[in-house]
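Work through the exercises below with the sequence and the 3D structure at hand. Each task is followed by a solution in steps.

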Amino acid sequence: MLTLDKIYQASFALKTVIRRTDLISAPNINPESQVYLKPENLQITGSFKVRGACFKISQLTDEEKARGVVACSAGNHAQGVALAATKQGIKSLICLPDNAPISKIEATKWYGADVCLVEGVYDDAYQKALKLRDEKGYTFVHPFDDEDVIAGQGTIGLELLEQLPDLDAVIIPIGGGGGLISGVAFAIKHLNPNVKIYGVQASGAPSMLNSIEHNKIERMGFVHTIADGIAVKEPGEHTFDYCREYVDEIVTVNDDEISTAILALIEQHKLIAEGAGAVAVAAAMFNKVPVKGKKVIRLVSGGNIDVTILSRVIGRGLQKSGRSYTMTIELVDKPGQLQHVSEIIAHTGANVISVHHERVSHTADINGCYLRLEMETRNQEHIDQIQYALTAAGYKIIPG
């Protein structure tokens with residue numbers, strides 16, 4: 001059973017293992033509230049998950065350690081288990097979904113674990129790990145629905161209250177499993193029940209939100225989000241109960257909002273966050289929770305994002321924030337049209353980075369053509385200015 005004493009025990013046990021991450025002031029994330037970031041993306045292994053994994057493995061009996069451990073993960077728990085097991089000379093086998101970022105797969109191997117790739121998502125890797133546990137006799141280390149793992153994650157809650165005693169609210173990612181928010185909420189609510197706890201899920205994987213709303217654990221048939229670390233179909237039994245009791249509200253953010261938050265963390269704070277790590281920041285940026293005028297901590301839970309995914313995410317973030325804009329204009333195919341359009345755009349201060357000119361037969365005018373332009377812009381107001389200038393000059397912008 002989870003207790004505050006167990007979380008304090010975990011904090012003591014982890015003192016020489018983990019990094020105590022500092023709070024970072026982030027006034028531009030949401031100017032209407034006093035925002036701080038808890039950058040667990042700077043934690044050892046790049047994620048908070050090492051806390052729960054290391055404490056759990058430290059509590060295993062000699063017999064359990066001798067059998068070796070098996071775990072399932074979307075990537076971050078894998079690295080925590082691999083590191084903790086290797087430090088204690090324990091054999092570890094990690095089941096990962098085959099769509100996990102290559103960086104997470106390779107890091108898991110680097111920390112000393114054997115890797116078993118499983119077709120599908122986290123839940124498929126979970127079933128494979130259970131099968132291997134039963135067949136081979138391994139000790140199973142659950143990524144979230146385990147009291148010792150939850151206690152390890154709860155050490156973040158103790159740190160938050162020490163670092164900002166008068167905080168008003170904490171915004172925390174929920175991966176469906178909910179181990180992180182369960183531990184942090186349990187610790188904070190027992191020490192200061194006035195602090196609001198808000199959970200955030202990806203809109204493409206809202207398993208905990210759905211379960212809480214319907215007051216029973218529900219399994220989703222399909223999840224899809226760029227936040228691979230929180231793409232979980234079904235909450236845990238323990239974590240469902242803790243979220244129902246200690247979490248004040250759960251909200252969702254979409255992939256565009258997550259991408260924008262990742263971009264903001266890079267530009268404003270030089271922090272690399274993975275999709276799951278940025279959802280709390282996205283909730284703050286897009287006012288998904290009522291924190292106006294409050295002292296609020298956003299937990300950046302992890303930074304293990306594959307660089308190939310990062311480049312695509314940055315592109316999405318630029319589009320969402322109005323920093324990149326692609327438009328299609330229908331023109332009459334005659335000399336001087338491209339020059340005139342370019343002059344109008346240049347006058348507004350935008351920078352054209354790509355031009356595609358195409359003659360097509362299905363335009364309204366038999367002599368018509370399409371001009372597709374990609375440009376660097378400042379924000380949505382700047383885009384509106386460009387559209388107005390072109391329309392005022394008589395050009396037709398094609399929607400979409």
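Helices (H or I, at least four residues) and strands (E, at least two) are DSSP runs, numbered from the N terminus. The model is predicted, so local features need pLDDT of at least 70 and side-chain atom pairs count only at pLDDT 80 or more, while totals for chains, interfaces and linings use all residues. Residues are numbered from 1 along each chain as its sequence is written, and side-chain values use heavy atoms, with hydrogens and water left out.

**Exercise 1. Describe the largest cavity and its lining.**

Step 1. On a 1 Å grid over the protein atoms alone, a cavity is a set of points where a 1.4 Å probe fits but cannot get out; lining residues have an atom within 4 Å of a point. Grid points are joined across faces, edges and corners, and the volume is the space filled by probe spheres set on the points.

Step 2. The structure has 1 cavity of 30 Å³ or more. The volume of the largest cavity is about 310 Å³. Its lining has 28 residues, and those closest to the centre are Phe 48, Lys 49, Gly 175, Gly 229 and Ile 230.

Step 3. Two helices, H4 (76–87) and H8 (179–191), each supply at least two residues of this lining. H8 gives the most, with 3 residues.

Step 4. Sort the lining by residue type: Ala, Val, Leu, Ile, Met, Phe, Trp, Tyr, Cys and Pro count as nonpolar, Asp, Glu, Lys and Arg as charged, and the others, Gly among them, as polar. The lining then divides into 13 nonpolar, 13 polar and 2 charged residues.

**Exercise 2. Find the residues of the largest nonpolar core that touch the most other members.**

Step 1. A nonpolar core is a set of buried Ala, Val, Leu, Ile, Met, Phe, Trp, Tyr and Cys residues joined through side-chain atoms within 4.5 Å. Buried means under 20% relative accessible area, exposed over 50%, and partly exposed in between (1.4 Å probe, protein chains only).

Step 2. The largest core holds 61 residues, of which Ile 57, Val 81, Val 170, Ile 172, Ile 188 and Ile 197 touch the most other members. H8 provides the largest share of this core, 7 residues.

Step 3. Take Val 81, with contact meaning heavy atoms within 4.5 Å. Leaving aside neighbours within four places in sequence, Val 81 is in contact with Ala 53, Ile 57, Val 69, Ala 71, Ile 94 and Val 141.

**Exercise 3. State how Tyr 126 pairs with Tyr 122 and with Phe 140.**

Step 1. Rings of Phe, Tyr and Trp (its six-membered ring) pair if their centres lie within 6.5 Å; planes under 30 degrees apart count as stacked, over 60 as edge-to-face and the rest as tilted. This rule gives 7 aromatic pairs.

Step 2. Tyr 122 and Tyr 126 are 6.2 Å apart, centre to centre, with 25 degrees between the planes, and form a stacked pair. Because they are 4 residues apart in helix H6 (residues 122–136), about one helical turn separates them. Tyr 122 is buried at 5% relative accessible area, whereas Tyr 126 is partly exposed at 22%.

Step 3. The ring centres of Tyr 126 and Phe 140 are 5.9 Å apart and the planes meet at 55 degrees, so this pair is tilted. The pair links distant parts of the chain, with Phe 140 in strand E6 (residues 139–141), 14 residues from Tyr 126.

Notes:
1 Å grid on protein atoms, 1.4 Å probe; cavity = no way out; pocket = protein on both sides within 12 Å on 5 of 7 lines; lining within 4 Å.
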